[in-house]
Amino acid sequence: MPFYYSAFGLELCVDRPIPGLRAAPDDSRADLRVRLRPDRLGVPDLASRPPWFASARCDTRGDPQLRIWQDPKRQHFWIRYSDGAAFVVDRWGTRIDATWPSTLTQDDALVYLLGFVLSFVLRLRGVVCLHASAVAIGDRAVAFIGEPGAGKSTTAAAFAAAGYPVLTDDVLALNLSQPAPLAQPGLQRMNLTPDSAQALLGSTDALHKLAPTWDKWCVDLTNGPFRRESRALPLMAIYHLADRRPALPGPVIAPLAGHAALTTLVAHTFANKVLDATMRAHEFDVLTQVLACVPFRGVVARAGFAELAGLRDGILDDLDDLDGLAGSASKEAGRACSTACTA
């Protein structure tokens with residue numbers, strides 16, 4: 001029995017149910033077919049062949065955590081993780097076969113599938129993905145990027161705690177459109193640390209583990225404290241979260257432009273280390289077009305969970321200054337949502 005889902009602008013047909021994906025109509029619109037086959041996928045022995053890509057990060061044995069090969073006819077990519085999870089992706093990005101050893105569970109393999117593997121498929125299809133979290137403000141989207149630990153998910157969760165719906169977390173797929181790029185909805189969950197959940201929600205009751213062997217936690221957006229946004233929305237602005245500084249009186253927000261803006265945005269694209277020359281050129285073209293019509297802002301804020309409300313309000317004020325569409329009306333709508341959610 002097939003299962004149909006939507007994520008990142010893709011329509012998926014899967015042979016097993018996948019938690020975290022939004023159900024789609026049961027019809028023939030699926031443009032990506034996925035098979036989940038534990039211990040049944042015929043991935044050849046590739047150890048003797050040099051990989052097309054090998055990650056710099058290694059496991060405890062010194063082996064690359066991720067390696068990718070292409071078959072001799074360049075029709076498929078073989079993706080293998082050092083823990084045994086493996087995926088075969090056709091070069092058109094229309095089919096994924098997944099397998100994993102008995103030492104892993106399906107949930108373990110899905111962490112890879114719903115993150116890097118789907119983002120790689122999107123790259124093959126010409127879709128650029130930001131390593132970002134995004135929320136809906138009115139009928140438009142605001143994205144947050146930054147280095148690991150900068151607080152992308154936590155900042156988005158601070159907006160969600162005030163009633164603003166979560167559009168996506170971790171992977172933000174962008175489709176060029178007029179007058180602004182469309183930000184696609186992602187998974188129906190949000191990654192959050194126990195400390196962040198405690199600070200924003202007052203408890204960790206809403207958290208559940210992403211997978212048995214992963215020390216990562218998430219919040220269900222379908223039945224939890226936060227709302228989700230299922231529409232693709234025009235991108236209103238992108239905020240780059242820089243290092244926190246305890247001595248600041250409040251958040252400092254300033255425009256980023258020119259070469260510095262482009263190089264910063266390129267550094268925060270998803271799956272950016274596995275691009276060939278054609279894909280890299282396409283990425284530069286897409287991001288140049290994004291920067292031509294979407295404000296890109298740098299943010300330096302005070303450290304600490306107690307400063308999240310001030311950071312959120314500072315960004316809302318900045319959006320108000322940008323074009324007035326996320327001003328007092330949007331703030332009042334968000335506060336009304338927050339009141340309704342907590343009533």
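**Close-up 1. Strand β19 next to β21, in a predicted model.** Strand β19 and strand β21 (residues 296-300) run parallel, and four bridges hold the pair together. To find the register, start from Tyr-239: its bridge partner in β21 is Arg-297. Strand β19 itself covers residues 233-241, and eight of its nine residues are buried, so the rest of the structure largely encloses it.

**Close-up 2. What else pairs with β19: strands β12 and β15.** Strand β12 (residues 140-146) lines up parallel with β19 through six bridges. Here Ala-143 is a handy marker, since its bridge partner in β19 is Ile-238. Strand β15 is a short stretch, residues 182-183, and joins β19 by two bridges, this time running antiparallel. Look for Leu-182, which stands opposite Pro-234 of β19. As a reminder, strands in a sheet pair through backbone hydrogen bonds, and they can do so in parallel or antiparallel fashion.

**Close-up 3. An open sheet of three strands.** Now for β16, β17 and β18: they make up an open sheet with the order β16-β18-β17 and antiparallel pairing. Which strands stand at the edges? Those are β16 (189-191) and β17 (207-209); each has a single partner strand, so one side of each lacks a neighbour in the sheet. On average, neighbouring strands here are turned by 40 degrees against each other, ignoring direction. Zooming in on one pairing, β16 and strand β18 (residues 217-220) run antiparallel and share three bridges. Met-190 is a good residue to pick out, with Val-219 as its bridge partner in β18.

**Close-up 4. Helices α4 and α5 crossing.** Two packed helices are described by the angle between their axes and the distance between those axes. For helix α4 (residues 258-267) and helix α5 (residues 277-293), the axes come within 10 Å and cross at roughly 125 degrees. The two are therefore oblique to each other, and their crossing is right-handed. On the α4 side, the contact is made by Ala-261, Leu-262, Leu-265 and Val-266. Facing them from α5 are Arg-280, Glu-283, Phe-284, Leu-287, Thr-288 and Leu-291. Sorted by character, the contact residues come out as seven nonpolar, one polar and two charged.

**Close-up 5. The buried residues of α4 and what covers them.** Which residues of α4 are buried? Ala-261, Leu-262, Thr-264, Leu-265 and Val-266 are. An α-helix has 3.6 residues a turn, so residues three or four places apart point the same way. The cover over the buried residues of α4 includes helix α5, along with strands β10 (128-131), β12, β19 and β21. Strand β19 from the opening view turns up again here, as part of that cover.

**Close-up 6. Two loop residues with a positive phi.** Phe-8 isn't a glycine, yet its phi is positive, at about 60 degrees. You'll find Phe-8 in the loop that links β1 (3-7) and β2 (10-14). Is Phe-8 buried or exposed? Its relative accessibility is 3%, so Phe-8 counts as buried. Arg-74 also has a positive phi of about 60 degrees without being a glycine. Arg-74 is in the loop between β6 (66-70) and β7 (76-81). With 52% relative accessibility, Arg-74 counts as exposed, since the cut-off for that is over 50%.

Conventions: Residues are numbered from 1 along each chain as its sequence is written. This is a predicted model: local features need pLDDT of at least 70, side-chain atom pairs count only at pLDDT 80 or more; totals for chains, interfaces and linings use all residues. Side-chain values use heavy atoms; hydrogens and water are left out. Two strands pair if DSSP finds at least two bridges between them. Axes are lines fitted to C-alpha atoms, for helices over the stretch in contact, and angles run from 0 to 180 degrees between N-to-C directions. Buried means under 20% relative accessible area, exposed over 50%, partly exposed in between (1.4 Å probe, protein chains only). Angles under 35 degrees count as roughly parallel, over 145 as roughly antiparallel, 65 to 115 as roughly perpendicular and the rest as oblique. A crossing is left-handed if the near helix is turned anticlockwise from the far one by less than a right angle, and right-handed if clockwise. Contact means heavy atoms within 4.5 Å. Ala, Val, Leu, Ile, Met, Phe, Trp, Tyr, Cys and Pro count as nonpolar, Asp, Glu, Lys and Arg as charged, and the others, Gly among them, as polar.
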